[in-house]
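Q: I should like to learn how to read strands, sheets, helix packing and pockets from a set of coordinates. Could we work through one example together?

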Amino acid sequence: MSRIGKAIITIPAGVTVTEKEGVVTVKGPKGELVQELTEGITLEQEDGVLTFSRPSDSKQHRALHGLYRALVNNMIIGATEGFTKKLELVGVGYRASHSGQKLELALGFSHGIVLELPKEVVIDTLTEKGKNPIITLTSFDKQLLGMVAAKIRSFRKPEPYKGKGVRFVGENVRRKAGKSA
């Protein structure tokens, strides 16, 4: 049995979960999220508790059972608390600034990079003297937040020799010795 799929989800106060024709909608104080369920995976809601069930023990149904339970759980957490990702720019002359929903990056290229962010993502940039610039992304949609953070990181991934690039705060970059070794 799927351990994740069997786990129940308790719905916090202020959140409404509705399921209609295989589409789950979660409304909360931070926003509204929608997820479509695959045929067979069913959602039961009673007394503020959600449980997921599957029609058979086939490999496909077992995989989707845990997947949809995790997706709906992330939707509920996002609608109540929200999610945050922090990115750090490591490198001489690397800068980040924002105006509205536009993020402007200077990552050592001959040109600056301007990225238009979706309205669901709130951005904040912090630059302190002597420290690496930090980009803070906040959203109620975990999938969208991860995609935006991965897009920003893809402009200049951390390289293994000097460790320069865009990395997540707390990310461990494996370093290599270089020529002399």
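Q: How many bridges join strand β7 (residues 83-90) to β13, and in which sense do the two strands run?

A: The model is a predicted one. Pairing is read from bridges, and two strands pair if there are at least two bridges between them. Here β7 and β13 run antiparallel and are joined by four bridges. As a position to inspect, L89 stands opposite V166 in β13.

Q: To which sheet does this pair belong, and what is the order of the strands?

A: The sheet is open and has four strands, ordered β11-β12-β7-β13 with antiparallel pairing. β11 (122-126) and β13 (165-168) are its edge strands, each pairing on one side only. From one strand to the next, the twist averages 20°.

Q: Which helix lies across β7, and at about what angle to β7 does it run?

A: An angle between 0 and 180 degrees compares N-to-C directions. α3 runs at about 5° to β7, and lies across β12 (134-139) and β13 as well as β7.

Q: What is the order of strands in the open sheet of three?

A: That order is β1-β6-β5, again with antiparallel pairing. β1 (9-10) and β5 (42-46) each have a single partner strand, so one side of each is left without a neighbour in the sheet. Strand β6 (residues 49-53) pairs with β5 over five bridges, and V49 in β6 is the bridge partner of E46. α2 lies across β1 and β6, and runs at about 155° to β6.

Q: How does one find empty space, and what is the volume of the largest pocket?

A: Rolling a probe the size of a water molecule over the atoms shows where empty space is left. In this model, the largest pocket has a volume of about 160 Å³.

Q: Which residues line the largest pocket, and of what classes are they?

A: The lining consists of L33, V34, Q35, L71, N74, M75, F83, F140, D141, K142 and Q143. By class, six are nonpolar, three polar and two charged. β4 (32-36), α2 (59-80) and α3 (142-154) each supply at least two residues of this lining.

Q: Which residues does UniProt list for the domain?

A: An unreviewed UniProt entry lists residues 11-82 and 90-167 under "domain: Large ribosomal subunit protein uL6 alpha-beta". Residues 11-82 are 31% helix and 35% strand, with end C-alpha atoms 15 Å apart. For residues 90-167 the content is 17% helix and 37% strand, and the end C-alpha atoms lie 8 Å apart.

Notes
Residues numbered from 1 in each chain as written. Predicted model: local features only at pLDDT ≥ 70, side-chain atom pairs only at ≥ 80, totals over all residues. Heavy atoms only, no water. 1 Å grid on protein atoms, 1.4 Å probe; cavity = no way out; pocket = protein on both sides within 12 Å on 5 of 7 lines; lining within 4 Å. Points joined across faces, edges and corners; volume = space filled by probe spheres on them. Nonpolar A, V, L, I, M, F, W, Y, C, P; charged D, E, K, R; others polar. Contact = heavy atoms within 4.5 Å. UniProt positions renumbered as here; feature names shortened; annotations may be inferred.
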